[in-house]
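User: Hi! I have a chain open on my screen and would like to go through it with you in short questions. Could you take me through the reasoning each time?

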Amino acid sequence: MTAAWGGRMRSLLPSDPAMLRRFAAGASLCLATTLALLKLGAAVATGSLAVLSSLIDSMADIVASAITFVSVQIAQLPPDRGHRFGHGKAESLSALAQAALVAGTATFVLIDAARRLASPEPVRATTLGVVVMTFAIVATLLLVAFQNHVIRHTGSQAIRADSVHYRADLLTNLSIIASLLLTQRLGWLWLDPVIGALIAGYLAWNAYRIGCDAVHVLMDHELPAATRQRIKDIVLAHPEVRGLHDLRTREAGTTQFIELHVEVDGAMSVGAAHDITDAIEAELFTAFPAAEVILHQEPAGVEDVRLDHRIARAPTAAG
């Protein structure tokens with residue numbers, strides 16, 4: 001029953017990756033706006049720092065989701081004269097902006113939590129707060145499930161960063177419900193600011209993770225070792241290839257860039273060498289459909305100045 005319902009729901013979604021990313025970004029923006037309005041009312045009614053921290057997080061979500069929505073549009077623009085590698089890094093810039101917003105939110109909540117611990121304040125209208133946070137949990141679960149579907153089909157970094165944030169919101173909202181109920185029933189006024197501070201710490205950790213991923217892409221960090229090994233295996237599996245060197249990889253948005261030198265028999269004609277690289281490119285495109293591949297043919301056994309040699313002599317960088 002559940003599988004059938006899931007299949008019907010997936011059939012209603014757009015199949016084009018670009019449309020999926022735009023749809024996910026729009027859904028995120030709509031949810032963030034709705035939850036911010038509901039939490040505003042709950043924060044005023046309850047006076048809870050935990051609810052207030054969630055409200056501030058949702059307000060940051062609105063800005064972050066708006067940035068994601070715009071960045072997804074920009075990232076899908078084709079290459080032009082000023083951006084011949086495309087616009088994919090717009091998604092990484094969006095993720096970095098989200099990390100900054102989340103970190104700012106966490107800092108604000110930590111400051112207010114310290115103030116509340118010094119001067120505890122009572123929490124009011126807990127029933128309203130619990131209802132609002134329960135609605136937020138259900139709505140966020142639906143959004144995260146949809147985002148996971150989009151990430152699987154598109155690999156969008158901006159949507160992935162947005163999804164990490166909303167998954168953190170799920171834990172946040174559950175913590176807030178616990179805070180409201182325990183504060184009301186046990187009179188533990190200190191619990192509300194403590195929960196708020198824990199939420200802030202969790203937000204800061206997620207900001208760090210999102211920011212690191214974005215910086216890696218913006219700094220043209222190599223693709224994972226397993227991916228690089230897969231590229232090497234595909235190239236070296238060709239019977240006419242004698243070796244390879246100067247493999248360079250990076251990622252921008254949903255596009256992977258693969259560049260390497262292929263070593264072939266020096267007596268081979270240019271046309272034959274070209275046919276070999278065409279065949280290798282076709283295999284790489286099959287394995288990495290969204291990749292940009294650049295192959296350079298080179299006679300085997302030639303000793304020249306190589307990137308691999310320069311990297312071997314260079315100090316090892318972090319990451």
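Analyst: Happy to! One cut-off will help us first: a residue is buried when its relative accessible area is under 20%, exposed when that area is over 50%, and partly exposed in between. Please keep in mind that this is a predicted model.

User: Is Asp246 buried, partly exposed or exposed?

Analyst: Asp246 lies in strand E1, which covers residues 243-252. Its relative accessibility is 8%. Buried means under 20%, so Asp246 counts as buried.

User: What is the phi of Asp246 near?

Analyst: Most residues other than glycine have a negative phi. Asp246 has a positive value although it is a residue other than glycine. Its phi is near 55°.

User: Which elements make up the chain, and in what order do they run from the N terminus?

Analyst: The chain has 10 helices and 3 strands. Starting at the N terminus, the order is α-α-α-α-α-α-α-α-β-β-α-β-α.

User: What percentage of the chain's residues count as buried?

Analyst: The chain has 319 residues. With buried meaning under 20% relative accessible area, the share that counts as buried is 45%.

User: Which helix supplies the largest share of the largest nonpolar core?

Analyst: That core has 21 residues, and Val51, Met133, Ile176, Ile177, Leu180, Ile199 and Leu203 have the most contacts inside it. Helices H2 (17-46), H3 (49-75), H4 (90-118), H5 (126-154), H6 (157-186) and H7 (191-218) each supply at least two of its residues. The largest share is 6 residues, and the helix they come from is H7.

User: Which residues does Ile177 touch, leaving out those up to four places away in sequence?

Analyst: Ile177 is among the residues with the most contacts inside the largest core. Once residues up to four places away in sequence are left out, Ile177 touches Val130, Met133, Thr134 and Ile137.

User: How many residues does the second, separate core have?

Analyst: This core includes Ile231, Val235, Leu260 and Leu284. Its size is 19 residues.

User: At what angle do H8 and H9 pack?

Analyst: Helix H8 spans residues 225-236 and helix H9 spans residues 270-287, with their axes 9 Å apart. H8 passes H9 in a right-handed crossing. The two pack at an angle of about 145°.

User: How many nonpolar, polar and charged residues are in the contact of H8 with H9?

Analyst: From H8, Arg230, Ile231, Ile234 and Val235 take part, and they meet Ile280, Glu283, Leu284 and Ala287 in H9. By class, the contact has 6 nonpolar, no polar and 2 charged residues.

User: How many residues apart in sequence are the parts that Lys89 and Asp220 tie together?

Analyst: Side chains of opposite charge can pair when their charged atoms come close. Lys89 and Asp220 meet in a salt bridge with an N to O distance of 2.7 Å. Because Lys89 lies in the loop between H3 and H4 and Asp220 in the loop between H7 and H8, the pair ties together parts that are 131 residues apart.

User: Which residues are linked with Lys89 in a network of salt bridges?

Analyst: A search of the whole structure finds 5 salt bridges. Lys89 is partly exposed at 24% relative accessibility, and Asp220 is partly exposed at 35%. The residues linked in a network with Lys89 are Asp220 and Arg250.

User: Is Arg228 buried or exposed?

Analyst: Arg228 forms a salt bridge with Glu222, with the closest N and O atoms 2.8 Å apart. Glu222 is partly exposed, with a relative accessible area of 31%. Arg228 has a relative accessible area of 19%, and since the cut-off is under 20%, Arg228 is buried.

User: How far apart are the closest N and O atoms of Asp265 and Arg242?

Analyst: Asp265 is in the loop between strand E2 (255-264) and H9, while Arg242 is in the loop between H8 and E1, 23 residues apart. Asp265 is partly exposed at 31%, whereas Arg242 is exposed at 55%. In their salt bridge, the closest N and O atoms are 3.6 Å apart.

Notes: Residues are numbered from 1 along each chain as its sequence is written. This is a predicted model: local features need pLDDT of at least 70, side-chain atom pairs count only at pLDDT 80 or more; totals for chains, interfaces and linings use all residues. Side-chain values use heavy atoms; hydrogens and water are left out. A nonpolar core is a set of buried Ala, Val, Leu, Ile, Met, Phe, Trp, Tyr and Cys residues joined through side-chain atoms within 4.5 Å. Buried means under 20% relative accessible area, exposed over 50%, partly exposed in between (1.4 Å probe, protein chains only). Helices (H or I, at least four residues) and strands (E, at least two) are DSSP runs, numbered from the N terminus. Contact means heavy atoms within 4.5 Å. Axes are lines fitted to C-alpha atoms, for helices over the stretch in contact, and angles run from 0 to 180 degrees between N-to-C directions. A crossing is left-handed if the near helix is turned anticlockwise from the far one by less than a right angle, and right-handed if clockwise. Ala, Val, Leu, Ile, Met, Phe, Trp, Tyr, Cys and Pro count as nonpolar, Asp, Glu, Lys and Arg as charged, and the others, Gly among them, as polar. A salt bridge is a side-chain nitrogen of Lys or Arg within 4 Å of a carboxyl oxygen of Asp or Glu.
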